[in-house]
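Here is a short report on strand pairing and one residue's surroundings. The structure comes first, then the details.

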Amino acid sequence: MAVSNPPPSLDILVRGPEGLTIWAGPPFNNGEPSVKLDKVRCSTTKFSEDGSKLMAIRSDSLISIYDCKKLVEIKSLQVPNVLAATISPCGTFVQTFQKSTSPQEKNVVVWKSETGESVYQLFQKNMTKATWPVFKFSYDEDVACRLVTNEVQFFDPKDFSKGAVNRLRVPGIAAFELSKSPGSYVAVFVPESKGMPGSVQIFSCAKELQSQPVARKSFFRCSSVQLNWNTGSTGLLIVVQSDVDKTNQSYYGETKLNYLTTDGSYEGLVPLRKEGPVHDVQWSYSGKEFAVVYGFMPATATIFDKKCNPLLELGTGPYNTLRWNPKGKFICVAGFGNLPGNMAFWDYSEKKKLGDTKAELSVSSEWSSDGRYFMTATTAPRLQVDNGIKIFHHNGSLYFKRMFEKLYQVDWKLESPDKFEDIADLLKSVDSIKLEEPTKQGQGSKKAAQASTKAAAAPSVQKPAAYRPPHAKAAVSVQAELFGVGPSGELSKNALKNKKKREKQREKKASEDPSA
């Protein structure tokens, strides 16, 4: 889709021990990024999801809000003893959590980011993953809600002074997820209790339609869930986690992937063709298809449509991570964490693989908003060594690499993909560059050039070595010392020399015996 206005820049946030720095993103001039904002000391930073604002916790009592277009501070908030803070999707509100000594001290505050005005305050005893952030907003900030005991409370973000304008009563509720775009539904999770199965229910956010859930799914052996809404708020993927695997195939418990639709057209398990855990699941940016990495290693990756029909198999390998390109054309399947960092880049529209590469020890990974670049980062405190940034082209070829002594955070500035041109023009330019390269470099024959092209297109696949237990490795080393035999079964130089000497002695002895 063509855009009339010039596209925004692809800014990159880099935070280290000296503070945050904003780079002007790729393409880089002379292969090096230029600095737009340099060394602002802070401990935590976060972009709003529309890329308009940047929040930075400067100290334990100071929070700064920056305008991302001009990269100037527009407001600073004095918040004593702040422990956590986050910014709303459109950058309108900032939530803070402070250390509290008594219930009378309201330690959760919602602020207007541009004026610094406090619009809502409440007391919360502690902060957990399920309860932070306290208020969850839809992408357009038309709906806000929070979880309290046995209910979800809805607020009007245009006027928080009204308090809770609606209350959804759900006994035993432990978690919820508001649909983002639009914020028309809320999914709630109730865990198992006293022999009753756990359940996930979908309710409308409209008060007059909340008498009955629009969809419901019950689960036995359910300890926790991950709730993933699609764009359009028509489908919900549910990763159900159980702490115990009754088949004893996995030490980490058992996971199942379920799918619910708001129109009732589908309710049940996603048909995965391999047994094992669900490593990652992600919707495409259009919300019309989703990808899953699943199964015991080597894992399998598959793309499904909204009716759970398989559309494309992305192969098998040491994978546990999926990243959809914002334009929906490309997808990266990778293996990070305790896996070796393999990455496979696919063209979803053409149904073909573009390339393979590696990014070892990666902690974070994400596509740029224009869909042209894929960035991985190795950061502390997860890893204290080999910290650095790598940026790849859409086909997996390395574009940029920089190492750091210590690196804490790396993020793209988020932008709407609709602000950028379609990536088809980029592909044409990349293909033309590839065709011109051999004519510039080639001095050999045409056949040699074709042979080198085929060799480059078909990388050699090295067969993995068989596993050897420690005692077998020790036996091999002893064997090598005694007999000169290496691990591959070949003789060493000294062993070959001694073997030839023994053969000559046998020949000499054989020739002397007849004469005797």
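This is a predicted model. Strand S18 (residues 198-204) pairs with S19 in the antiparallel sense, over five bridges. One contact point is set by valine 200, whose bridge partner in S19 is lysine 217. Both strands belong to an open sheet of four strands, ordered S16-S17-S18-S19, with antiparallel pairing. Its edge strands are S16 (175-178) and S19 (215-219), and each pairs on one side only. Neighbouring strands of this sheet are turned by 15° against each other on average, direction ignored.

Next comes strand S22. Its pairings are listed here.

| Strand pair | Sense | Bridges |
|---|---|---|
| S21 (residues 235-242) and S22 | antiparallel | eight bridges |
| S22 and S23 (residues 267-269) | antiparallel | three bridges |

On the S21 side, glutamine 241 stands opposite threonine 255 in S22. On the S23 side, leucine 260 has glutamate 267 as its bridge partner. The hairpin of S22 and S23 has five residues between the strands, and glycine 264 takes a positive phi near 75° there. Seven of the eight residues of S22 are buried, so the strand is largely enclosed by the rest of the structure.

Asparagine 258 lies in S22 (residues 254-261). Is asparagine 258 buried or exposed? Asparagine 258 counts as buried because its relative accessibility is 3%, and the cut-off for buried is under 20%. Leaving out residues up to four places away in sequence, asparagine 258 touches several residues, including Lys217, Phe219, Leu237 and Leu269. Leucine 227 is 31 residues from asparagine 258 in sequence, and their C-alpha atoms are 9.9 Å apart.

Methods
Residues are numbered from 1 along each chain as its sequence is written. This is a predicted model: local features need pLDDT of at least 70, side-chain atom pairs count only at pLDDT 80 or more; totals for chains, interfaces and linings use all residues. Side-chain values use heavy atoms; hydrogens and water are left out. Helices (H or I, at least four residues) and strands (E, at least two) are DSSP runs, numbered from the N terminus. Buried means under 20% relative accessible area, exposed over 50%, partly exposed in between (1.4 Å probe, protein chains only). Contact means heavy atoms within 4.5 Å. Two strands pair if DSSP finds at least two bridges between them. Axes are lines fitted to C-alpha atoms, for helices over the stretch in contact, and angles run from 0 to 180 degrees between N-to-C directions.
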